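Open the model in your viewer and keep the selection box handy. We'll go stop by stop.

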Amino acid sequence: MSTPTSSTPDAQASLRVPGIYTAAANKTGSDSSLHVIKNVPGYKTPVFPAKEEQRLKVYENVTQKGFLPKEFVRPEVDWFYDGLGIEENYFANESIDVITDHIIALFAAKTLAYTKHSNQLLIDLEKVTENGALFIHTSPPGVTSEEGPGATCETRIDDLFLDISTPQKAFRLETYRSAGVTAGNSQSLRCYFVSQCNFPSIPPDSFQPENTSTSTVDIRTVSDPHFLEKASENTLEIYQSIMNHVLQRRGFGPVLEFYEVEGTRERRVVIGYKMGSTKHFFSALSQLYHWYGLYSKRKYVEQFANGVTIISLYLNPLPGANAPPIEHSIHQVTKEASLLHCLPDNPFFRTTTSGDRPGGIPTTHAVQEATYAYAGWIFAQHFCNRLGPAYSALRNVLDEANPGHAEVLNQIKKRFREETFTRQGISEAILAYPELIRMLYVNFAMTHYPNDSEATKLMPTLSYQRLKTEQPLSVPELQEKIRKTVANKHDLQVFEALLTFNQHVLKTNFYQPTKVAISFRLDGNFLPDIEYPTKPFGVFIVVGSDFRGFHVRFRDVARGGIRIVRSRGRENYSINQRTLFDENYALASTQALKNKDIPEGGAKGTILPSLGADPRACFERYVDAIIDLLLPGTTPGIKELLVDKYGKPEILFFGPDEGTADMMDWAALHARSRGAPWWKSFTTGKSAEKLGGVPHDTYGMTSLSVRQYVVGSYQKLSLTESEITKVQTGGPDGDLGSNEILLSSEKYVAIIDGSGVLADPNGLDRDELVRLAKGRKMIVNFDRSKLSKDGYVVLVEDKDLKLPSGEIVADGTDFRNTAHFRYHADLFVPCGGRPEAVNISNVAELFDEDGKCHYKYIIEGANLFLTQQARLYLEKRGIVVFKDASANKGGVTSSSLEVLAGLGLSDQEYLDLMVFKNGKPSSFYRDYVKEIQGKIVENAAMEFSCIWQEYTRAGGAKPRTLISDELSSTLNNLQAELENSDLFDDVASRRGVLNRAIPQTLVKQVGLDTLMKRLPEPYQRALFSSWVAAHFIYQYGVAGSNVDFFNFARTLAQ
């Protein structure tokens, strides 16, 4: 649960590799103690018995073509068969005609070279089909070609075959450098053979968390038969071990081993990982080992029916290269392969052969520096101070309390954010100053490079040597160096942002041996006050190959949903990239206001998948990378100790949000498989039957609080529910929308959901709405025979649809998006829709020409449906508005008590009491859920009454929206003060409060004393202070005095 601290001075004193990146990394000592294998082939070389017979037919076929002079036919055919070193499987698999074409093509290449007076023979042969491919091209060893033959070969193999492989259709690869050379020069040929695998008919699914037998799969039962024919027994043994470790880790992070070949300087690197977990990895590996002056003689990519991919590289030092010894560089290759697995398409890692270093060794950043540059690029996109002094001056002139002024400032802010620092501009700045990047990386590494006791027994690594040759600069020295180096203020701010990043990272999995994404934990003080007035307690940044993500929390103990932000196209994706953190911050801020009377503060996580990326895979890697920073590393070579500048245990509580409702089970089980003791409480919204979750939709948890505000308003205003007309966004298919229908009896005139608009001014048929709500069906399924003559359904796909009034709807989607502005009713309850659907720019559309609003009462069930300025605009004109942070907090109350059950029950108790048996809940579960529902109603009713009383006390001068905010702020501030006070230390008061705050079902089952031992102290403090703060403020109001609190505190021990 905690991450042991490695002090910064120790880390600076001894920057060493954290163990060998192997599955069996408990080995220590010198290189001689590592794996040594005999100098024998790992694959059997096939013999093609009909080769000579085939050669005779090729003689004949080439002669018949007539392209080569007869006297050249035999020499060219013999040179092709004997001189190029092409292996037997090529001749065994290709037809006479294909071989003939290749021989003629080679002769043509020779002729072309002769006419250019060049001794460089360029060969580039290929054959690509649906079932495989053949590539043969000239290839200088140890060089990543940027043009000509082979420049795009490996990336094409990735794109066409390896990256799209699945257990249902996978492709294996064999590639080798020919032993022979082309005539007249020292060039060698690189040959690639891609073939489709023929797996056993029923591939097992080995990556389900429920599957506990994944480490015992016999490799022979999941292998392609051609692989089994060629692989030696030693290779099968090695691959079996690699496969077992991949399965044990359930595919999270690569498994890397390397072997010294006896009597040679060759090293064989074997890498196993989950099929499809990365892209362009094979081609990126070539760039990696070329960077260190190595070249490959052979490479294999093997796929297996259980979803495991294994790559094998036969690496040798490039003769005559000015490069580190392979004994050193092989450690870096294996270590940095893990970073490449996370970011194989890193634009800042591009090997070149510009010649600055002897021997053709490239001059660009190493993978570690390039990965740091990529993370810094992401950081700068979101956190460069984009507004500047001009905005500050304008802000001082305008009145932010004025909705019109506030909207002007908001629009200017958005414009500045979009135009001041573009992704391309930041990238150009980073690429323009590679020396600054190296210095900033050294500054970062001197803090976070791990100091591992096992690593001290190893020789210093190349990373260590690079760091020691770079003179580390202090922060002021770096600031001065940046100022003197960059050419303009734009670039200055970019590099200052990277330095800010270094100063605020508290821990990272950057140097973790195995990982699936890069994660950073930062304190919240780096955020500029002008844009983010309330500083978060903590910020997580997660960077993956095809996603980026954030997690923001405003208190140590905090909970919030994880949202996947989907993009409809390239333009929308670009907008989402710019606004992702701001949306995350706003959602977490709202959550902090909403979580006012529960122990968990506000938090939120967001994930932005790249276009075409698998959202679920992005979520899984996001979760795993964050867990890396929550658990102490205990497995050498896999998960090791981190440098932890925070130095305290941390627990995060995740919940469902847009796009992640069906992923909470997986996250909890994955945390369990990672050994997290808090796995039961790690996620809320888990399935009830399998994992004992308390689903909001099943029990109407969020709707219960919304209804308290609706019903409370009716009571205060003496209204009759059945006589109220109502419009609702969010349809009968959703959690909030369906339960709002089921719990209410108003007269619906319109419902708007994802499929379109359902409207009837005479009232929608209630029985039909109930049918849809119980079946969780969208309004597209409404029985239209139950509409009146004035009723209609407009679907998003409709074009030029005529309504009963005669109005023509040109586009159904546009009609749906603005439908909430066109209807009139007493009550408007948003239960779904995008944030800021009603804002200061369009709120006037809710009013008729005579200034009358379409709605009298608005209860905001959906998060952020109205902007703050729009709420104030409406309240100023007499509309009763209750904002989201007050109205829809039932869900967070339910989730909080679900967390409490996970923390308070032992594993066995949890399985016995919370998990369903034979599809039925235990009596404990039923009673616990009833208590949750009761507390939701109680909390919502208390807050509603408090807001109404404060509004009445102020004579209507203060809007309910601001009262709600003030209530939340007062509660949160008082809770923070109480957490740091000694009131918690009074045992009698603590016991009295906890006994009332914890549901009695749980207290009676476990016992208060046992619960006080099990619950982490930070959580107990939060639970104690939240209950005291909420009940005091709800009873005495925001103006409660010190005397009031003294009297209140005297009752706590009762």
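Here is a short tour, starting with confidence and moving on to sheets, helices and cavities.

**Before you click.** This is a predicted model, with residues numbered from 1 along each chain as its sequence is written. Local features need pLDDT of at least 70, side-chain atom pairs count only at pLDDT 80 or more, totals for chains, interfaces and linings use all residues, and side-chain values use heavy atoms, with hydrogens and water left out.

**Colour by pLDDT.** That is the predictor's confidence in each residue, from 0 to 100. The protein averages 87, and 89% of its residues reach 70 or more. Now select 1-33: pLDDT stays under 50 there, and the model has 111 contacts beyond four places in sequence for this stretch (a contact means heavy atoms within 4.5 Å). Residues 351-363 also stay under 50, with 29 such contacts.

**Select 505-508 and 653-656.** These are β10 and β16, the edge strands of an open sheet, each pairing on one side only. The full order is β10-β11-β12-β13-β15-β14-β16, seven strands with mixed pairing. Strands (E, at least two residues) and helices (H or I, at least four) are DSSP runs numbered from the N terminus, and two strands pair if DSSP finds at least two bridges between them. Neighbours in this sheet are turned by 20° against each other on average, direction ignored. Angles run from 0 to 180 degrees between N-to-C directions, using axes fitted to C-alpha atoms, for helices over the stretch in contact.

Add 489-504 and you get helix α18, which packs on the sheet against β10 and β11 (518-522), at about 75° to β10. Next, pick 547-553 and 601-609: β13 and β15 run antiparallel, joined by seven bridges. F547 has P609 of β15 as its bridge partner. Helix α19 (570-594) lies across β12, β13, β14 and β15, at about 165° to β15.

**Jump to 792-795 and 880-882.** What is special about β20 and β25? They stand at the edges of their sheet, each with a single partner strand, so one side of each is left without a neighbour in the sheet. This open sheet has seven strands in the order β20-β19-β18-β17-β23-β24-β25, again with mixed pairing. Its neighbouring strands are turned by 10° on average, direction ignored. At one end, β24 (857-859) and β25 pair in parallel over three bridges; look for Y857 opposite V880. Then show 735-743, helix α26, which lies across β17, β18 and β23 at about 160° to β17.

**Zoom in on 799-811.** Here β21 (799-802) and β22 (808-811) run antiparallel over three bridges, with L801 partnered by V809. They make a hairpin with five residues in between, and G806 in the turn has a positive phi of about 100°.

**Last stop: the cavities.** A cavity is a set of points on a 1 Å grid over the protein atoms alone where a 1.4 Å probe fits but cannot get out, and lining residues have an atom within 4 Å of a point. Grid points are joined across faces, edges and corners, and volume is the space filled by probe spheres set on them. There are seven cavities of 30 Å³ or more. For the largest, about 120 Å³, select G42, T235, I238, R268 and Y314, the nearest to its centre among 15 lining residues. α8 (233-248) gives the most to that lining, with four residues.

The second largest holds about 100 Å³; L162, D163, Y273, T278 and T309 lie nearest its centre.

Technical notes
On a 1 Å grid over the protein atoms alone, a cavity is a set of points where a 1.4 Å probe fits but cannot get out, and a pocket is an open set with protein on both sides within 12 Å along at least five of seven lines; lining residues have an atom within 4 Å of a point.
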